[in-house]
Amino acid sequence: MDRYHPITVTLHWLLAVLVIGMLVMGKTGLNALPNSEPDKLWLLGLHRLVGIAVLVLTVLRIVLRRFLPAPGHLGTGSRFLDKLGVVMPRILNIFVILMAASGIWLGQQAGLSEALSGAAPLPETFYAYTPRMVHAILGTLIIAILVFHVLGALYHQIMLQDRLFSRLWFGK
Ligand code: HEM
């Protein structure tokens, strides 16, 4: 069977876990905790660390895609859906990069590094900064794209029965 390269497979599933974890952490944990809460600081430190790792791994994935062998795209019988299947993962990559970049931008404006090093307190709220809004909107857009991404994969697997998931797993 034609499969993706093991490095491509590893990066895909690792990034899936990290990005979904970050979205859950942001939308639930971080959003729910006021900046005055002492526990907020280590959660923000973890969020920044994983966010930067996501940025590096996503760029690495895009670069490696040019060099690693990959099987051809699976058709659906619809030219529109086939185009969507090519374009959507690219948009997802771009939005994830913008998400991490807007987080870094927010961190810079709000003095996150100073707060994490103990040199200054966190601002009362992050909502006073423009990139906070950009970060939240991108997060919601990424969730919407991920829903369609999963639905598309399930359509291949269940309706078309073309073993899409096996192509994106390890094996000969
Ligand atoms: C792709 C990587 C990232 C994802 C998926 C992500 C996800 C999120 C989400 C979903 C939120 C909550 C947004 C909302 O209100 O709806 C959030 C908040 C936040 N993120 Fe990120 N983030 C990422 C990277 C980063 C990075 C690299 C930094 C900093 C260097 C960062 C700093 C923050 C801060 C400061 C908040 C605000 C927390 C608050 O208002 O209490 N993020 N993030």
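**View 1. H3 and H5 pass each other in a left-handed crossing.** Left-handed here means that the near helix is turned anticlockwise from the far one by less than a right angle, while clockwise would make it right-handed. This is a predicted model, where local features need pLDDT of at least 70, side-chain atom pairs count only at pLDDT 80 or more, and totals for chains, interfaces and linings use all residues. Residue numbers start from 1 along each chain as its sequence is written. The two axes come within 9 Å, and they cross at roughly 155°. Axes are lines fitted to C-alpha atoms, for helices over the stretch in contact, and angles run from 0 to 180 degrees between N-to-C directions. H3 and H5 are therefore roughly antiparallel to each other, a label for angles over 145 degrees. Sorted by class, their contact has 16 nonpolar, eight polar and one charged residues. Ala, Val, Leu, Ile, Met, Phe, Trp, Tyr, Cys and Pro count as nonpolar, Asp, Glu, Lys and Arg as charged, and the others, Gly among them, as polar.

**View 2. Here is H2 packing on H3.** Their axes lie 9 Å apart, at an angle of about 145°. This crossing is left-handed. On the H2 side, the contact uses Arg48, Gly51, Ile52, Val54, Leu55, Thr58 and Ile62. H3 brings in Asn93, Val96, Ile97, Ala100, Gly103 and Gly107. Being in contact means that C-beta atoms, placed from the backbone, lie within 7 Å. The class count for H2 with H3 is seven nonpolar, five polar and one charged.

**View 3. Now for the ligand, with 26 residues around it.** The closest are Met22, Gly26, Gly51, Gly103 and Gly139. A residue belongs here if its C-beta atom, placed from the backbone, lies within 6 Å of the molecule. Two or more shell residues come from each of helix H1 (6–32), helix H2 (40–65), helix H3 (79–110) and helix H5 (130–160). By class, the shell splits into 15 nonpolar, eight polar and three charged residues.

**View 4. Stepping back, the chain has six helices and zero strands.** Helices (H or I, at least four residues) and strands (E, at least two) are DSSP runs, numbered from the N terminus. Along the sequence, that reads α-α-α-α-α-α. The C-alpha atoms fill a box of roughly 55 × 25 × 25 Å along the principal axes. Of the 172 residues, 13% are buried, meaning that 20 or more other C-beta atoms lie within 10 Å of their own.

Technical notes:
Parallel < 35°, antiparallel > 145°, perpendicular 65-115°, else oblique. Buried ≥ 20, exposed ≤ 12 C-beta atoms within 10 Å, placed from the backbone. Contact = placed C-beta atoms within 7 Å.
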